[in-house]
Amino acid sequence: QVQLVESGGGSVETGGSLRLSCVDSGYTGSNYCMGWFRQAPGKEREGVAVIRRASTNEFYTTYADSVKGRFTISQDNTKSTLYLQMNKLKPEDTAMYYCAAVRQRSCPFFSNDGWNYWGQGTQVTVSS
């Protein structure tokens, strides 16, 4: 059974950086699409960034407007790991961050529905 395990969360000050990792117990190359989502207390889970395979070595990325220019999603299939590099962090980035994956050739993008697998989450806290 595929498991996704996130790590890399923590507490930083405004303007700081963190890199989140999501290890796929299967093989990230089997995923058509992977994404990062976040959920702040009292709010709905929202999509942050998505990476979709266009060909063997070509990927498309999509970002929420709130993180464009600050966050970068990437994946390393040799390590079966998805990453989210987060720079210039703001207090409003504080949330539990989750990774998700889908095998079939239909990417849900920022919808919460349609993903095959979800991780348990890693907490990111940004102080002002």
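**Contacts of glutamate 6, strand β11 and the nonpolar cores**

Glutamate 6 touches Ser21, Cys22, Trp36, Tyr97, Tyr98, Cys99, Gly119, Gln120, Gly121 and Thr122, leaving aside residues up to four places away in sequence. The model described here is predicted. Glutamate 6 lies in strand β1, which spans residues 4-7. This glutamate is buried, yet it has no salt bridge. Arginine 45 carries the nearest side chain of opposite charge, 8.1 Å away. A salt bridge would require a distance within 4 Å.

The side chain of glutamate 6 does reach backbone atoms. One is the backbone nitrogen of cysteine 99, at 2.9 Å. Another is the backbone nitrogen of glutamine 120, at 3.0 Å. Both cysteine 99 and glutamine 120 also appear among the residues that glutamate 6 touches.

Thr122, another residue touched by glutamate 6, belongs to β11. Side chains alternate along this strand. Thr122, Val124 and Val126 point to one face and are buried. Gln123, Thr125 and Ser127 point to the other face and are not buried. Such alternation between the two faces of the sheet is what a regular strand shows in general.

β11 pairs with β9 and with β2. With β9 the pairing is antiparallel, over three bridges. Here tyrosine 97 has threonine 122 of β11 as its bridge partner. Tyrosine 97 and threonine 122 are both touched by glutamate 6. With β2 the strands run parallel, joined by four bridges. Valine 12 has valine 126 of β11 as its bridge partner.

Serine 11 also sits in β2, residues 10-13. Its relative accessibility is 64%, so serine 11 counts as exposed. Serine 11 and valine 126 lie 115 residues apart in sequence. In space, their C-alpha atoms are 5.8 Å apart.

The largest nonpolar core comprises 26 residues. Trp36, Leu84, Met86 and Tyr97 have the most contacts inside this core. Two or more residues come from each of β3 (18-24), β4 (33-39), β5 (46-55), β7 (71-76), β8 (81-86), β9 (95-102) and β11 (122-127). β9 supplies the largest share, four residues. A second core is separate and has eight residues, including Tyr32, Cys33, Phe37 and Cys107. Trp36 and Tyr97, from the largest core, are also among the residues that glutamate 6 touches.

Definitions and conventions. Residues numbered from 1 in each chain as written. Predicted model: local features only at pLDDT ≥ 70, side-chain atom pairs only at ≥ 80, totals over all residues. Heavy atoms only, no water. Core = buried A, V, L, I, M, F, W, Y, C linked by side-chain atoms within 4.5 Å. Buried < 20%, exposed > 50% of the residue type's maximum accessible area, 1.4 Å probe, protein only. Pairing = 2+ DSSP bridges. Lys, Arg positive; Asp, Glu negative; His and termini not counted. Polar contact = N/O pair within 3.5 Å; in protein donor to acceptor, adjacent residues only side chain to side chain. Contact = heavy atoms within 4.5 Å.
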